[in-house]
Every structure is written in C-alpha cells, then in structure tokens.
Number of protein chains: 2
Amino acid sequence: MPPPANTARNVGINDVAARAGVSPGTVSNVLNRPERVAEATRLRVEEAIRELDYVRNSSGRSLRAGRSDSVGLLVLDVTNPFFTMVAQGVEDQAAEAGRTVMLLNSSEDPERQRRSLRLLAEQRAAGAVVMPVDDDVTDLLWLRERGIPWVVLDRGDVGADVGSSVYVDNHAGGLAAGRHLISLGHERITFLSGPLSLEQCRVRLAGLRAALDENGFDSENGVRVIETGSLTAASGDKAAEEVLAGGPRRRPQAVFCANDQLALGLLKGLGERGLGAPADLSVVGYDDIDVAALVHPGLTTVAQPKYEIGRAAMRLLAAELDDPGGHRYERLLFEPRLVVRGSTAAYREP
Amino acid sequence: MPPPANTARNVGINDVAARAGVSPGTVSNVLNRPERVAEATRLRVEEAIRELDYVRNSSGRSLRAGRSDSVGLLVLDVTNPFFTMVAQGVEDQAAEAGRTVMLLNSSEDPERQRRSLRLLAEQRAAGAVVMPVDDDVTDLLWLRERGIPWVVLDRGDVGADVGSSVYVDNHAGGLAAGRHLISLGHERITFLSGPLSLEQCRVRLAGLRAALDENGFDSENGVRVIETGSLTAASGDKAAEEVLAGGPRRRPQAVFCANDQLALGLLKGLGERGLGAPADLSVVGYDDIDVAALVHPGLTTVAQPKYEIGRAAMRLLAAELDDPGGHRYERLLFEPRLVVRGSTAAYREP
DNA sequence: CATCGCTATTGACACGTTTCAATCAAGCTG
DNA sequence: CAGCTTGATTGAAACGTGTCAATAGCGATG
C-alpha cells in the first residue's frame, strides 16, 4: 500500500490571519500574549486555528527567538537503570516548566559526548543537563560561551566556579558501605570498580578506605582494587574469577562494588562457581536500582535519590534560564543512604 | 560566581561569507555540496569557519527545508529495560544515517502520547518510530496527513495498510511458553497480565491458550488471568497474594507473566511468603531483559530481539524518508525464542 | 470642539538558511 | 576571432515566526 501523496500545504500563521480577517501579528499575540487582544477577535482567531488545524512551527519560532525552547539531557548510558530514573526526574520537572527534553547519550565515550554537545549548539538548545564523561570541561565551557547554560549532574570534580551542579556525596556512600562491612567483622575487602577514569568510582573507593582508616586498618594495602572496563553486569560476571583468586583462605571476606550492575553480575559469577552471598562472602552494591530489591538474597546497597537529583538538576537549570544575569551558580548536595538487605552478613570462618 | 554575560554575537553564514570574501550562497554550498565549489575557495571558506568558530543553525535550516532532520522515538516507558534496549537500536541505526533521535515517552498514557505526537508536528520532525499505547490510529493518521511518516513498533493490530510496522510474533511467544510448561507436566496455569488494553498482553495470552488447546486442555476455563495495572515489578509483587489464593491444592502449578518485570516482582512476592520457583511453582517471563539471567534461579523467559527490532524500525523509516512516493509500506515480523533457565521445572505433587 | 489618553491592531522587518536562475570567467572549437 | 560550452559564483527570494514602533479608534477631559 502506497503512502498518500503529501499534498496538504502547510498552513501558517498567515493563513490563519487571512481566515480570521486579521493581521499575522494579531494571531501571534493570540498565541503568545492572549491578554493583549480583545476577546471578540481572540475567539475569531481561535476559531480559524481550529478550522484550519493550524500547528505552529517551532523552527520559525526558535529562529526568530535565536534559541530553541527545549533542553538537552546527556547521560552516560541509556540502558543503565540508574540513568533512566534520573532521566524520568528531569523529564517530569521539565514538563512542569513547559519544556521538552531531548535525550542524548554518550556511551561513556568522550568523542560521542563532544558530538552531542555540538548538536545542542547547532540546535541552539535552551540549556542542558549533563553527566560528563570525564573532568575535562573545555567542551562545556565552549557550550556556555555560545550562550547555552548547563547543570552538571553526578560529578563532584567539575569546578563549581563554572556552573551549577547536583551531586550525591559519594565519599559518604563509600564510608557507609565500609563501616557496615567492618561492623560485620570483615576486614579483607575488595573494591570492584568500573573505569577509574570515572570520578564516582574513585571517590567511593576513597570513602571505603576512610572507613578502614578510622578503624585502624591498613587502608592502602588492605583493600584490593579490581578495575573493570565498564559498569555493567557482564563486567561483574567476568570479574568473579579474579575476585576469587587466591583460594578460600585468601579470598576477600567482602566485596564492595562500584554499582549494582557490577554487583549483580558478580553474584551470578559467584553462583556459577558454587559460592554465594552472604554465606561465603558479603557483597555490597551502589545505586539501589529496582532489581536490587528483587534478587534473592536482596542486595545490600547504597541508595541514591535518583529521581530527585534529576528533578533538582532541571530545577536549577530552569532557574538559570528564567533569570539570566542575576543568577548565581549553585551546588546541591544530596546524601546517600545505606540499605541493608540479605547479601551481607557477619563474618564466619570458612 | 555569576555566569558570564552572553555577549558573543551569534555568528552566521553571512559573517563567514564576509570573512572569506565570498557570497553566502557559496558558504552554503561548501557546507552542503562541497563538490560544486572550487578547491581554493572551499579551503578559504573552511578557514573562515574555523576562525569564527561557526556552528550552523538548524532552526534556519529546517525552516527553509520545511522539515527538521531529526526523528522522534515514542516509547511506553523509559525506565523499562526492554524499551531502552530498543531505543539503543533505534539510536545506533539513526546515527549511521546521520539523523538525530528525540526520545519521548508516553508512560502508557493516551493523553501524553497525543501531546508527544503534537510536539513532533510542531517540530516538523522528519518522521517517527512509535510504540502506540492503544489501537486507536486517528492521531497517527493525523500526523501522517501533516507529512510526518512513522513506523509502528511492537504492535500487531495497528493496520498494516496505514504504515510500516515491526513486530515480534507474540502469539508464537505465548505458544512456546505454554508448550514448555505443558511439557513439564503443568496444566493449572495462571497468566499474570499487564493492562489488557495492551495488545501484547492479549496476544501472548492467546498463544498460551493455543498451547493448551492443542493438548486437549480446556483453554477457556483452564487458565486463570490476573490483570494488573502496569507491567512493573511492583505490580508483580503485589499480585503474589492473588496468585496464591485458593491454598496449596488450588494454586497454579505455573505462572506465565506478560513480561519479565512482573515475573521478577512475583518471584519476590513468593519469596516473602516462603515459596519459591521452581520448587513450589514454575514461573515464565517475557522479554529476556538482562537481569533475567542474573537472578537466582535464572528466569525462564521468551526472548525478543530488542536491539534488532529497534534497528529494523529505524531502517524502515529511513527507507521511507529517502524515497517518498515510490515507497510501499512494509511489515517486518521477528520470531521470539524461548530461553529455559532455572525458574521452571517438572511438576511435583505438593 | 479640540485634545488627550488609552487600548487594539497593524505592517514591516529580521532571524539564518537553502535554492535557483542568472551572471561571469575561461577554455575550446571551427 | 567569434561563438559555445563548461564550471564557479552570485544575488535575491522565500521559509514562518515574533517584535515593535506606528496607527487607528474612541471615549473622556478640559
């Protein structure tokens, strides 16, 4: 079946004006400042709009305005549940402010991030919420020079002097996880990390070490760090082998994972080798994605207010957009929260 | 710290032209058909572009063209891993075709879907990949009348005469799940459904019934259907109570869930009541999202080629965009695949 | 009645592109 | 050398808006 020929000419503001017997300027006013136009004409114009099924053209709109009214959201990985929750928050908040969100993802690749930011520049986006892939802000500064403001999300090391940011205290999260494990009697702890180029990983590790320090353990040599290529379940699964290296006597008593997906993958890898948490070792994750509560045993993890930080970031951005000039950069800090489930337990001699 | 004043005037194609000592038309040619312009001038223009750090304005571009060059992707729920995988496929394919994707989600709400489609009309999007929330195509037809073509994804009942579509055979999926359960000796089967307004749910159920039929069971009264409000883990969890109603002798021998999230939620609910799969009853999911392989026991499920159907949908759309007029609507059918894991086992008397 | 003040409306212009017919330069043919 | 062809470049027009100074209408004031 062939598609219908695209015959319908696009009706514009001029056609509406002609139909309503009024000037284009008046139609524009009806659309944008209805209070300025007399009720009678307003009704007549609205009638014409309905009759012609007029839909306004946002290209012309944003060309004239010099900027679009939609904002970009740049995430590290669309398939990661943590980010989709954040995205949900951003989107809901944007919807309330009458803005549309364009979702882009960098796949943790600096080059793709660069391309995405360039795209936002081409679109003359109103602003952006960005989760940077590294601590290099040159591209971000370039964007701001072009008049496109942004808010940085989930990155503590991107200078607060160049933009607003929303951040969850990763150090506190690592600390909480460490204290929890120590209180259970574990002292031989492995940190299963994603790429150490991600600040999140580094700081969570630092938090863990701080917990060891305050308890008089050797935080430098005491914790073993395994760096994987990405924050995915596949990486965690694959890392199981390395985690267990050294045999029953030397293997870690507990593993703290940089995120839940790594932890879930690790649990699977352990299971395939006949081991399980918490019986053979304790496992802690990070993020508290939905499935953490669904697996058996439940995954002990450090919860982040995912949805809320999404909302907060968008709120900050909207504030900056509504009040250019007078606006000051802000830095919002959220606290993580330890959620204890079944994957951790007191240490028992093997 | 205050943001810098937005002083930098936006440089346009005219500034570049002036700088390179050439007409605006030539600059445009350098950008769009470099082969038409002499090498010497081309280099001069490119130099000017670099010096002025010119970034082209896509508003002007699409105003002139009458259409934008980005496509919309409308999904039912961004936080559902199934959809994010599909989105990944759409996005990758679009990137290869040099198009950008704008992600929208309807949250399974017809009103939000309507608003999203209207938004695409305002943006004069090049096209759209849509997962419709119901079988009402009036809004979709309206969109096409306005010159915006679309491809329907994951919906078998949206008339093939009005547009291309990509579909995974849900009936075959339900059938496969049913046969598997029957071969294990189960005959008292419950179908844990999402909203029955979703065609996916209805057809998977029909497939299950067909499996019962072909084995001489009473497919009409034999299968109990529990309809939940949404395809989420929370719904599955909550439904556990109802699933178990009737006590050990009357409770189902197996539960076939409309998707994996329902299944995972159900497994959790069962666990909290001291029951487990496959010991007390078998559980089958649908979709094969990543975590299905991570839980313990692994979730038996019907796998869909998520990433591939995303790519296929975008490919179909691109074909229609590149060849308006000569194009015929196409319907691509994919086959699901049963993945047997640990959550199903042969029936044993309680 | 002339003037003022107010509101409602108009009309023209600018935003940044792309396109296309027209022009220009230069090389080639007869 | 005149005429032709080819290839490179130009200039103007158009896309659909929003803005803003100017105008028109009209009742009230002096």
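**Protein–DNA surfaces and a helix pair**

Visitor: Which helices each supply at least two residues of the surface near DNA strand D?

Guide: Helices here are DSSP runs of H or I with at least four residues, and strands are runs of E with at least two, numbered from the N terminus. A residue is near a strand of DNA if one of its heavy atoms lies within 4 Å of it. The helices that each supply at least two residues are α1 (13-20), α2 (24-32) and α4 (58-65) of chain A, together with α4 (58-65) of chain B.

Visitor: On what conventions does this description rest?

Guide: Residues are numbered from 1 along each chain as its sequence is written, while chains are lettered from A and ligands numbered from 1 in the order in which they are written. The model is predicted, so local features need pLDDT of at least 70, side-chain atom pairs count only at pLDDT 80 or more, and totals for chains, interfaces and linings use all residues; side-chain values use heavy atoms, without hydrogens and water.

Visitor: Which helix gives the most to the surface near DNA strand D?

Guide: In all, 23 residues surround DNA strand D, with A:Ile13, A:Tyr54, A:Arg61, A:Arg64 and B:Thr26 the closest. The helix that gives the most, with four residues, is α4(A).

Visitor: How far is a polar side-chain atom of A:Arg64 from a base nitrogen of DNA strand D?

Guide: A polar contact is a pair of N or O atoms within 3.5 Å. The side chain of A:Arg61 has an N or O atom 2.4 Å from a phosphate oxygen of DNA strand D. For A:Arg64 and the base nitrogen, the distance is 2.5 Å.

Visitor: What share of the atoms of DNA strand C within 4 Å of the protein is sugar and phosphate?

Guide: Around DNA strand C there are 22 residues, of which A:Thr26, B:Ile13, B:Tyr54, B:Arg61 and B:Arg64 come nearest. Of the strand C atoms that come within 4 Å of the protein, sugar and phosphate account for 71%.

Visitor: How are α11(A) and α13(A) oriented to each other?

Guide: Helix α11 (residues 233-244) and helix α13 (residues 260-272) of chain A pack with axes 6 Å apart, at an angle of about 50°. Axes are lines fitted to C-alpha atoms, for helices over the stretch in contact, and angles run from 0 to 180 degrees between N-to-C directions. Angles under 35 degrees count as roughly parallel, over 145 as roughly antiparallel, 65 to 115 as roughly perpendicular and the rest as oblique. The orientation of α11(A) and α13(A) is therefore oblique.

How values were computed:
Polar contact = N/O pair within 3.5 Å; in protein donor to acceptor, adjacent residues only side chain to side chain.
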